[in-house]
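Visitor: I would like a close look at how the pieces of this chain pack against each other. Please pick one place to start and lead me on from there.

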Amino acid sequence: MRTKLLSAAAMALALMAAQGVAPLQAHAQTRPSVATPAQDALSRTQRDAVLASVRQAVQASYVFPERTPGILARLDAAQASGRYDVSSPIELAGLITGDLREASQDGHVYLDHAPDRFAAASAGSGAPQALSEMNAAAARRDNHGLTATDILPGNVRYLKIGAFHWVSDETGQAYDDAMRFLKGGDAAIIDLRGNGGGSPEAVQYLVSHFLKAGTLEITFLQAGKEPVQTRALDYLPAGRLTHTPLYVLIDEASASAAESFAYDVQQFRLGRLVGAGSAGAANNNEFLPIAPGFMLSLSVGRPVHPVSGGNWEGVGVTPDTQTASAKALETAHAEALRALLSNAASEAVRADYAWALTAVEARLNPPVVAADRLQSAPGAYRNYVVTAENGALIVARPGHPLWPTPRALTPLTADGLFAVEGLDILRISFVDGAMQLWWKDEAAPRVISRN
């Protein structure tokens with residue numbers, strides 16, 4: 001989960017001699033960098049040097065030494081078979097990555113062809129600053145990973161976190177704004193689907209909003225070093241959201257730091273997880289420059305959660321409500337509305353939740369309206385005209401300036417309640433030859449007879 005400086009002394013000495021570069025601070029995210037289009041062909045000597053450096057790194061610092069012989073044997077066999085006899089650095093990185101991951105069963109072990117990051121990491125004493133500036137620029141362009149917000153019907157607040165970036169003195173402010181936005185909701189949904197991970201500092205800052213100050217969040221273990229603990233922060237400019245019902249969306253592509261937050265939510269019982277089981281990448285990884293133009297990600301430690309005494313490596317985080325990734329948002333929204341509806345303080349608020357819930361449930365399980373109901377609906381109702389097109393109903397208001405084009409009617413219930421396209425404040429049903437107009441702020445429908 002964590003990515004940081006690869007700094008074991010023995011490893012540094014061996015690799016500096018082999019490559020002429022020193023290990024430096026790595027990028028915080030687990031997703032690969034995008035290589036430049038023009039690539040120089042690799043020679044056999046360069047390929048052999050890459051493999052030698054990868055082997056040395058695995059032997060020196062891989063977190064599970066019992067797996068090391070199997071990893072090295074896999075690399076040796078592949079090299080001997082000619083599997084790596086390719087000239088493209090991108091192809092070589094892909095082949096080595098496949099073997100590393102299959103032999104280690106560790107999603108944090110891979111080789112990435114990233115000339116830009118390699119150049120920054122190999123810049124001598126200026127390397128940490130160069131990498132930091134690259135990371136910060138990427139974070140700013142991505143709004144620090146906070147990529148979307150929305151107010152869903154029923155005042156359920158939605159936040160999409162695409163990656164866990166962290167830039168000191170900057171990212172916290174972006175989270176402050178996002179947390180203030182969520183705090184105004186009756187419930188909150190945080191979407192981590194497709195989030196490949198990133199910085200533990202970002203996870204610590206986010207989860208602190210849902211934990212009591214000082215709570216031990218996680219402990220990082222690394223051979224030969226003192227354990228590193230992270231705790232819930234005391235001061236948070238946006239305040240805590242401990243009383244806001246929380247739902248977190250995850251899927252197979254939620255990994256590393258994204259899983260860390262989801263695991264916290266589940267273990268500390270901060271909310272509910274909805275979606276599909278996550279990737280199962282818990283280990284702490286660090287990056288090392290490998291000449292010419294590669295970065296090696298290597299697991300060097302592991303997290304231990306204070307509640308479970310373990311982590312999610314290799315097994316992933318199992319959602320409380322399991323559903324396909326594509327249905328996770330609607331499923332969580334429906335769960336939130338049902339819970340809010342059961343505790344609503346006033347009839348007006350209950351009506352708002354119920355109105356929203358009807359639409360969400362219809363999207364999750366589209367109802368089928370009987371054919372005779374559909375066939376009996378078309379006609380003219382005062383200044384409304386209903387027609388049937390390809391088995392669906394269309395409603396129009398000829399001459400109305402705010403209704404210039406016909407709108408499709410979508411079934412909300414099997415007994416014939418319809419949503420009006422682009423007009424959430426109105427729903428329509430047809431009963432005994434009349435049209436019923438259900439306006440959101442009115443308790444009873446307006447009934448219009450057929451002309």
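**A walk through the packing**

Guide: Let's start at L417, which touches T358, T410, P411, L412, R427, I428, S429 and W438 when residues up to four places away in sequence are not counted. Please keep in mind that this is a predicted model. L417 lies in strand β17, residues 417-420. Its relative accessibility is 18%, and L417 therefore counts as buried, since buried means under 20%. Now pick out A326: L417 and A326 are 91 residues apart in sequence, and their C-alpha atoms are 25 Å apart in space.

Next, find helix α2, which covers residues 44-61. At 1.5 Å a residue, the 18 residues of α2 should span 26 Å, and the end C-alpha atoms of α2 are indeed 26 Å apart, so the two values agree. The buried residues of α2 are R47, V50, L51, S53, V54, R55, A57, V58 and S61. Which helices does α2 pack against? Let's take two of them, α3 and α4. Two packed helices are described by the angle between their axes and the distance between the axes.

With α3, residues 68-81, the packing angle is about 170° and the axes are 10 Å apart. Angles over 145 degrees count as roughly antiparallel, and α2 and α3 are therefore roughly antiparallel to each other. On the α2 side, D48, L51, V54, R55, V58 and Q59 meet T68, I71, L72, L75, D76 and Q79 of α3. Sorted by class, the residues of this contact between α2 and α3 are six nonpolar, three polar and three charged.

With α4, residues 89-104, the axes come within 12 Å and cross at roughly 30°. That is under 35 degrees, the limit for roughly parallel, so α2 and α4 are roughly parallel to each other. The crossing of α2 past α4 is right-handed. R47, V50, L51 and V54 of α2 make this contact with L92, I96 and L100 of α4. By class, the contact of α2 with α4 has six nonpolar residues, no polar ones and one charged one. L51 and V54 appear in the contact with α3, and they appear in the contact with α4 as well. Both L51 and V54 are among the buried residues of α2.

Now look at the link between α3 and α4: S88 sits in that loop. S88 has 27% relative accessibility and so counts as partly exposed. Its C-alpha atom is separated by 32 Å from that of R140, which is 52 residues away along the chain.

Our last stop is helix α8, residues 200-208. α8 is mostly covered, with eight of its nine residues buried. They are P200, A202, V203, Q204, Y205, L206, V207 and S208. What covers them? The cover of the buried residues of α8 includes strands β4, β5, β6 and β7 together with helices α7 and α9. Take Q204 as an example from α8. At 17% relative accessibility, Q204 counts as buried because the limit is under 20%. Apart from neighbours within four places in sequence, Q204 is in contact with E217, T230, R231 and L233. You can trace some of these partners back to the cover, because E217 falls within the range of β6 (216-221), while T230 and R231 fall within that of β7 (228-231).

Definitions and conventions
Residues numbered from 1 in each chain as written. Predicted model: local features only at pLDDT ≥ 70, side-chain atom pairs only at ≥ 80, totals over all residues. Heavy atoms only, no water. Axes fitted to C-alpha atoms, helices over the stretch in contact; angles between N-to-C directions. Helix = DSSP H or I, 4+ residues; strand = E, 2+ residues; numbered from the N terminus. Parallel < 35°, antiparallel > 145°, perpendicular 65-115°, else oblique. Left-handed = near helix turned anticlockwise from the far one by under 90°. Contact = heavy atoms within 4.5 Å. Nonpolar A, V, L, I, M, F, W, Y, C, P; charged D, E, K, R; others polar. Buried < 20%, exposed > 50% of the residue type's maximum accessible area, 1.4 Å probe, protein only. Expected span 1.5 Å × (residues − 1).
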